[in-house]
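Colleague: I would like to learn how to read a model like this one, feature by feature. Where shall we begin?

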Amino acid sequence: MEKSKPWIIPVLLIVISGLFGSYFYSQGSAPVVLQPPVEAFDSNPLVLEAATEEPQPQLSEVVLAYCQNPYQTTCNQRWPSVDPSGQVRPDVSGEVRALRMMRTMVQENPNWTADQVQENLAIMIYTDQRRERALKVFNWAKAQILQWVAEKSDVFNDIERQALVERIQAVTLSMPPPAREYAEAVDLITKNAVYYERTSAGELRLRVGGAYLMSTTSWYNMVFTFAHEIAHAIDPCEMKSFGLVPRSYNSLIQCFVDTDWIEEERRNCGSLEQVSEVFADWVASEIFSRALSQWSVDYTPEEKISAAINSTRDLCEQSVEGHTLNLSYHQGPKTRIGKILGQRPELQTILSCPNKTTNHYCALTSMESSQ
Ligand SMILES: [Zn+2]
């Protein structure tokens, strides 16, 4: 008679804890340098396996599907959406986790003041690892936008270029702890939101909700998100407030209108404008393309697509109660993902899209040719 197998349970436990351990670990794993983020493979071996075992014909189908319809391919992706650098989860998932942490903290420390709760919550959510990762991607995106401006010597004159550079350089990334960093926006610690703001003192800064840092570990999503927010420092309406709109912006905005990225009546800065959001998406798609080009050297075609999907995965409608897209300033995802990102020629080249739609993509034109 065969003896019972006492080793089965320990082995099963090891396998299960291995699977879930790596799953949860990947939430906190921070890439060390801004190189192709291959180390993230270690934190999610299942992804690597799936990617390498995929038969070749299917890879090209995935590429074809994204190239033909970036919006649908991105928004039909199941959650969590995984690329070689990390994951994107629904907005609500980070918020639920943050609120649960707060509830547990209040239950375990009934004598704490609201300030003490916020302080400790900020420490728990904005860990060194998460802060470092965000800061690295922020600095990388900022440097790339500066580089992009420097490359446009035929587009911006010296005065314009200097103003753009100064404004980009002035943008900082503000994150707790201490919680008083967000003193007048303390809810942000549990929110999935990232935004740019110009303070009454003229300070330019980005703020990052704690829930965003918990929902998103993908470098590609962070690059797109941070580049979008940094670009607001030089968007047409911010430059108008600053008193210096680069001349080449006029033909760019005209192109935004001509390609139906914005409606004619929403091109002018003011309460109904959408031009600043379209501009920020347009810059972000440029910077994301640079990120993918630099970091995806060893990627399979499918991995490149997963990175493209994750760059804008959170811009989709999310079929979750309480989640609504703010469409008063932003375009809908069909335009943001499908056109502004998806039709960018550089991206289509990196992804090896067979039918490029390069003819109609908006670009800055040199001062000579725009006159
Ligand atoms: Zn924006």
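Colleague: Where is Pro178 found?

Modeller: Pro178 belongs to the loop between E3 and E4. Helices (H or I, at least four residues) and strands (E, at least two) are DSSP runs, numbered from the N terminus. Strand E3 covers 172–174 and strand E4 covers 194–198. This is a predicted model, in which local features need pLDDT of at least 70 and side-chain atom pairs count only at pLDDT 80 or more, while totals for chains, interfaces and linings use all residues. Residues are numbered from 1 along each chain as its sequence is written.

Colleague: What is the peptide bond from Pro177 to Pro178, cis or trans?

Modeller: Most peptide bonds are trans. The bond from Pro177 to Pro178 is cis, with omega near 5°. The bond from Pro176 to Pro177 is also cis, with omega near -5°, and Pro177 lies in the loop between E3 and E4.

Colleague: Which residues is Tyr126 in contact with, leaving aside its neighbours within four places in sequence?

Modeller: Two residues are in contact if their C-beta atoms, placed from the backbone, lie within 7 Å. Beyond those neighbours, Tyr126 is in contact with Arg131, Met175, Pro176, Pro177, Gly210 and Leu213. Tyr126 sits in the loop between H7 and H8. The C-alpha atom of Tyr126 is 9.9 Å from that of Ala179, with the two positions 53 residues apart along the chain.

Colleague: Does a loop position say anything about burial, or is that a separate count? Is Tyr126 buried or exposed?

Modeller: Burial is a separate count: a residue is buried if 20 or more other C-beta atoms lie within 10 Å of its own, exposed if 12 or fewer, and partly exposed in between, with C-beta atoms placed from the backbone. Tyr126 has 23 C-beta neighbours inside 10 Å, so it counts as buried. Over the protein chain, buried residues make up 42% of the 371 residues.

Colleague: Which residues of H7 are buried?

Modeller: Gln118, Leu121, Ala122 and Ile125. They cover an arc of only 100° around the axis (the arc of the directions from the helix axis to the C-beta atoms), which puts them on the same side of H7. These buried residues pack against helix H6 (91–108) and helix H10 (210–215).

Colleague: How do I check the length of a helix?

Modeller: The expected span is 1.5 Å times one less than the number of residues. For the 12 residues of H7 (114–125) that gives 16 Å, and its end C-alpha atoms are 16 Å apart, which agrees. For the 24 residues of H8 (128–151) the expected span is 34 Å and the end C-alpha atoms are 34 Å apart.

Colleague: What covers the buried residues of H8?

Modeller: The cover includes helix H9 (158–170), E3, strand E5 (204–208), H10, helix H11 (219–231) and helix H14 (275–295). Among the buried residues of H8 are Arg130, Arg133, Phe138, Trp140, Lys142 and Val149.

Colleague: How do I read the packing of H8 and H14?

Modeller: Axes are lines fitted to C-alpha atoms, for helices over the stretch in contact, and angles run from 0 to 180 degrees between N-to-C directions. The axes of H8 and H14 come within 10 Å and cross at roughly 105°. That makes H8 roughly perpendicular to H14, where angles under 35 degrees count as roughly parallel, over 145 as roughly antiparallel, 65 to 115 as roughly perpendicular and the rest as oblique.

Colleague: Which residues meet?

Modeller: Ala141, Gln144, Ile145 and Trp148 in H8 meet Val283, Glu286, Ile287 and Arg290 in H14. The residues of this contact divide into five nonpolar, one polar and two charged. Here Ala, Val, Leu, Ile, Met, Phe, Trp, Tyr, Cys and Pro count as nonpolar, Asp, Glu, Lys and Arg as charged, and the others, Gly among them, as polar. In H14, 17 of the 21 residues are buried, so H14 is largely enclosed by the rest of the structure.

Colleague: Where does Phe224 lie?

Modeller: Phe224 is in helix H11 and counts as buried, with 28 C-beta neighbours inside 10 Å. Leaving aside neighbours within four places in sequence, Phe224 is in contact with Ala284, Phe288, Ser311 and Thr312. The C-alpha atoms of Phe224 and Ser311 are 5.7 Å apart, although the two are 87 residues apart along the chain.

Colleague: What is the phi of Asp260 near?

Modeller: Most residues other than glycine have a negative phi. Asp260 has a positive phi, near 70°, in the loop between helix H13 (248–258) and H14. Asp260 is exposed, with 12 other C-beta atoms within 10 Å. Ser352 has a positive phi of about 60° and lies in the loop between helix H17 (345–350) and helix H18 (367–370).
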